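Good morning, and thank you for coming. I would like to take you through the place where two chains meet, and then through the empty spaces inside the protein.

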Amino acid sequence: MLTVSQLVKRVASPEAGGAAVEIVRVPELSLAAGEQVALRGESGSGKTTFLHLIAGILAADEGKIVIDGEDVASLGESQRDRAREARIGYIFQTFNLLQGYTVLENVVLGMSFGPGGVDRARARQLLERVGLGHRLHHFPRQLSTGQQQRVAVARALANRPKLVLADEPTGNLDRTHGREALGLIREACREAGAALLLVSHDPDVLAQFERVRDFAEINQPRVPLPRAG
Amino acid sequence: MTLPLIVYRSLRQHALSTLVTAGSIALAAGLLMVVWMVKEQSQKAFLETSTGFDAVLGARGSKLQLVLNSIFHLEASPGNISAADYDQIKKHPAVKAAIPLALGDNYLGYRIVGTAEELFTTVEYSPGKRYQLQGGGRWFAAGQREAVVGSFVAARLGLKAGDTFQPYHGLAFDAKAQHEEVYTVTGVLAPTNTPTDKVLWIPLSGIQTMKGHDPRTATDVSAVLIQLRSPTAGFMLDLMYNKQGNRLTLAYPVAAIIADLFGKIGWFDRVLALVAYLVALVAAGSVLASIYASMSARRRDLAILRALGARRRTIFGAVVAEAAVIGALGAVLGFAVYFGLLAAVANVIRTQTGVTIDILAGHPVLWIAPLGMVALCAAGGVVPALKAYRVPVAETLSPTS
């Protein structure tokens with residue numbers, strides 16, 4: 001489902017006087033369809049950049065990212081946008097809900113830019129599935145943090161993704177809500193048949209995955225990492 | 001469905017600036033339409049009013065003054081012409097109709113004009129249109145102290161058939177200058193939307209023999225409205241009165257004299273139009289500025305939309321569409337400004353000149369100006385749209401880990 005090989009990303013680093021510094025070099029990582037994998041990594045280790053590369057938000061400098069048979073690393077920005085909308089769901093640590101839109105509209109927007117078109121009934125079903133059927137027309141600011149995370153989960157699944165990327169999805173939640181949210185993400189991905197690649201530094205979260213990989217082992221940049229973020 | 005949702009939500013989130021900006025667009029669109037339509041409609045109305053008669057004969061003086069005085073009932077009369085001159089033009093073979101006018105009195109500020117009954121019975125005041133009485137009554141009888149009242153005066157002063165009034169001397173109202181004669185209203189004219197509506201019409205002899213008027217001028221008339229049998233006759237009469245004679249003036253052709261007047265005051269229209277164009281530009285600039293100013297606050301939303309799969313061109317299109325929608329909203333509101341302002345201007349013109357402007361008249365400017373504003377606003381939206389287009393997703397959606 002997902003095969004990453006010889007992936008390299010460099011960014012201009014102020015600490016290096018503006019010179020390009022490698023922050024991602026992943027020789028190999030693969031995920032089977034429906035598989036759930038957790039990546040352990042500390043802050044500033046390049047995990048978010050790695051997920052952005054897979055999602056096509058950032059362009060890779062070298063290497064391949066093959067998702068469902070297509071190498072997204074070789075695509076132009078517009079095609080990467082299309083590929084992201086078609087196959088990937090993204091759950092952000094800060095949720096990144098659109099504050100001016102209702103809960104239902106946030107989920108609807110998750111399926112608006114792809115070829116599948118808008119299915120409001122599905123958006124409602126997803127919100128009911130995450131327990132927010134009674135909050136469809138609320139705005140994010142009217143919800144608790146835990147509820148906002150559930151909206152983000154529903155939105156990530158709205159476009160029927162093959163792969164869900166989750167970046168510290170429980171980072172902003174307390175232990176109880178974090179556990180609840182993680183359970184929901186895993187279950188929802190399983191039900192939707194989507195693979196899940198989750199990054200976290202929380203041992204409690206990582207302990208729940210059968211397959212956990214250390215990002216520091218996977219990512220081997222050729223120069224020392226700039227400590228960002 | 002997505003683009004309208006994005007545009008709608010963005011407008012809602014910035015409701016105040018949306019409304020203020022749309023208001024400035026409305027003012028610009030309304031002003032543009034009003035300036036244009038007042039110019040078009042007033043020219044049209046003035047020209048139509050003056051198409052009933054081909055020429056005006058009066059005392060030596062300005063042709064424009066003669067036309068304004070005898071057809072539009074504005075300005076003072078340049079002087080009188082003798083009964084013999086009137087007879088001569090009336091009997092001229094090239095003249096189809098010659099209607100005498102005698103001025104010099106008013107009633108509460110509205111002009112009293114003495115004329116012959118045939119003005120109402122045989123003459124078309126505009127091609128295909130004859131004067132009519134509203135609500136019964138009859139025309140005045142020659143030599144009697146009777147009056148037919150224009151619809152505007154009748155409505156303003158509450159005059160109806162059977163009422164009486166005492167004229168005042170002079171064209172301007174002076175309470176101390178009331179004549180002794182009492183006139184009876186025999187009928188009220190149906191509205192013609194011409195300056196005739198502002199006049200109280202009495203028999204010619206009424207003005208001529210009013211007590212206090214100079215008995216030596218009792219047979220004079222102030223001007224003669226002329227309809228010709230053929231256009232070439234006008235040039236002949238022009239030669240006779242204006243070039244060879246030096247006592248009288250023939251204002252011919254009337255329409256050309258009015259058109260000339262509009263030509264002379266054309267600079268005023270152009271200044272107004274320039275002001276309107278500048279207001280339109282400023283309004284479009286305010287769309288640009290208001291959206292651009294809110295762009296920092298929107299960066300995150302735009303980055304999220306991009307992360308959800310929105311292409312750069314979708315984001316660009318959404319911002320341009322938002323600017324266009326603000327323009328469209330303003331254009332719609334602009335019609336309220338347009339009708340309000342035009343009604344006020346039309347009222348002033350009608351009160352001052354008796355010429356009626358049709359505020360419901362159609363004209364291409366009524367769709368060109370609103371669409372132009374929408375296009376201008378959309379163009380103004382391109383600048384912030386470019387900024388939106390360039391929003392870097394990954395950086396904006398930090399923190400990174």
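Let me begin with a term: two residues are said to be in contact when they have heavy atoms within 4.5 Å. Please also bear in mind that this is a predicted model.

How many residues does each chain bring to the contact? Chain A contributes 37 residues, and chain B contributes 25.

The next point concerns area. The size of an interface is often given as the accessible area lost when the parts come together. For chain A and chain B, that buried area is about 2700 Å², and 57% of it lies on carbon and sulfur atoms.

Let us turn to the individual interactions. Across this interface there are 4 salt bridges. One of them joins Arg9(B) to Glu105(A), where the closest N and O atoms are 2.7 Å apart. In addition, 10 residue pairs are in polar contact across the interface of the two chains, both residues of each pair being at pLDDT 80 or more.

Which elements of chain B give two or more residues to the side that touches chain A? They are helix H1 (2–13), helix H11 (295–307), helix H12 (312–353) and helix H14 (393–396). H11(B) gives the most, with 6 residues. Sorted by class, this side of chain B has 12 nonpolar, 6 polar and 7 charged residues.

I now move to the empty spaces. Rolling a probe the size of a water molecule over the atoms shows where empty space is left. In this structure there are 5 cavities of 30 Å³ or more.

The largest cavity has a volume of about 130 Å³. Its lining consists of 13 residues, and those nearest the centre are Thr49(B), Phe53(B), Ile71(B), Tyr131(B) and Thr196(B). By class, 8 of the lining residues are nonpolar, 5 are polar and none is charged.

The second largest cavity holds about 100 Å³ of space. Which chains line it? Residues of chain A do, including Arg84(A), Tyr90(A) and Asn159(A), and so do Ala307(B) and Leu308(B) of chain B. In chain A, helix H2 (77–87), strand E6 (88–91) and helix H5 (145–157) each supply at least two lining residues. E6(A) gives the most, with 3. By class, this lining has 6 nonpolar, 3 polar and 3 charged residues.

To close, please keep two linings in mind: that of the largest cavity has no charged residues, while that of the second largest cavity has 3. Thank you for your attention.

Key:
Residues numbered from 1 in each chain as written. Chains lettered and ligands numbered in written order. Predicted model: local features only at pLDDT ≥ 70, side-chain atom pairs only at ≥ 80, totals over all residues. Heavy atoms only, no water. 1 Å grid on protein atoms, 1.4 Å probe; cavity = no way out; pocket = protein on both sides within 12 Å on 5 of 7 lines; lining within 4 Å. Points joined across faces, edges and corners; volume = space filled by probe spheres on them. Nonpolar A, V, L, I, M, F, W, Y, C, P; charged D, E, K, R; others polar. Helix = DSSP H or I, 4+ residues; strand = E, 2+ residues; numbered from the N terminus. Buried area = accessible area lost by both parts, 1.4 Å probe. Salt bridge = Lys/Arg side-chain N within 4 Å of Asp/Glu carboxyl O. Polar contact = N/O pair within 3.5 Å; in protein donor to acceptor, adjacent residues only side chain to side chain.
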